Structures are given as structure tokens and as C-alpha cells.
Amino acid sequence: MASGQPLVVPDARADERLRTHPAVTDLGVIAYAGMPLTDTDGLVVGSLCAIDH
């Protein structure tokens, strides 16, 4: 979210940023896609994410 750019990770287990995240280690999340949600001023206020195991 910090970059304001979409993030698509086909295998989170192999991604340095995500491989130790509890969603990956505890819940078995593998694929991740996230799109930042912005307000009318362009401020990122959250994200819409899709995950798969």
C-alpha cells in the first residue's frame, strides 16, 4: 500500500516481503493480489486483496 501501486505475487512462499507473514505460514496463502484504494485526494486508505492457497 505504501507505494500506491498494485502488488501481484504468484507465490508468496518465495517472496522475500511475504514469506514469513502469518497469512503465508499459518493460513497457507500462496497467491496474493492487492490493489490500493485511494480517496479523492489520492491518499491510500486501504487495499482490496485477493488470496488463494
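Eight bridges join strand E2 to strand E3, and the two run antiparallel. That pairing is a handy way into this structure, which is a predicted model. Within the pair, Met35 of E2 stands opposite Leu48 in E3. E2 covers residues 31–38, while E3 covers 44–52.

Stepping back, the sheet is an open one made of three strands, in the order E1-E2-E3, with antiparallel pairing. Strand E1 (7–9) and strand E3 sit at the edges with a single partner strand each, so one side of each has no neighbour in the sheet. From one strand to the next, the twist averages 10 degrees. Besides the three strands, the protein has one helix. Followed along the sequence, these elements give the pattern β-α-β-β.

As for overall dimensions, the C-alpha atoms fill a box of roughly 35 × 20 × 15 Å along the principal axes. The protein has 53 residues, and 17% of them count as buried.

How confident is the prediction, then, and what is the average pLDDT of the protein? The average comes to 92, and 98% of the residues score at least 70. Confidence is highest in E2, at 95, and lowest in E3, at a mean of 93. A word of caution applies to any model of this kind: where pLDDT is low, the predicted coordinates should not be read in detail.

The E2 and E3 strands come up again on the surface. Met35, Leu37, Leu43, Val45 and Leu48 make a nonpolar surface patch of about 500 Å². Both E2 and E3 supply at least two residues of this patch. Met35 is one of the patch residues, and its place in the model can be pinned down a little further. Met35 belongs to strand E2 and faces Leu48 of E3 across the pairing; Leu48 is itself listed in the patch. Met35 counts as partly exposed because its relative accessibility is 45%, a value between the 20% under which a residue is buried and the 50% over which a residue is exposed.

Charged side chains tell another part of the story, with three salt bridges in the structure. In one of them, the side chains of Arg13 and Asp11 meet, with a distance of 2.8 Å from N to O. Asp11 has a relative accessibility of 27% and therefore counts as partly exposed.

Another salt bridge brings together the side chains of Asp15 and Arg17, at 2.7 Å from N to O. Here the two partners sit in contrasting surroundings. Asp15 is buried, because its relative accessible area is 13%, whereas Arg17 counts as exposed, at 57% relative accessibility. In this bridge, then, a buried acidic residue meets an exposed arginine.

The remaining salt bridge links Arg19 with Glu16, and their closest N and O atoms are 3.1 Å apart. Is Glu16 buried or exposed? Glu16 is exposed, since its relative accessible area is 60%. Its partner Arg19 has a relative accessible area of 40% and is therefore partly exposed.

Methods
Residues are numbered from 1 along each chain as its sequence is written. This is a predicted model: local features need pLDDT of at least 70, side-chain atom pairs count only at pLDDT 80 or more; totals for chains, interfaces and linings use all residues. Side-chain values use heavy atoms; hydrogens and water are left out. Patches are made of residues with over 30% relative accessible area and no salt bridge: like charges are joined within 9 Å, nonpolar side chains (Val, Leu, Ile, Met, Phe, Trp, Tyr) within 5 Å. Accessible areas come from the Shrake-Rupley method with a 1.4 Å probe; for residues, only the protein chains shown count as cover. A salt bridge is a side-chain nitrogen of Lys or Arg within 4 Å of a carboxyl oxygen of Asp or Glu. Helices (H or I, at least four residues) and strands (E, at least two) are DSSP runs, numbered from the N terminus. Buried means under 20% relative accessible area, exposed over 50%, partly exposed in between (1.4 Å probe, protein chains only). Two strands pair if DSSP finds at least two bridges between them. Axes are lines fitted to C-alpha atoms, for helices over the stretch in contact, and angles run from 0 to 180 degrees between N-to-C directions. pLDDT is the predictor's confidence in each residue, from 0 to 100.
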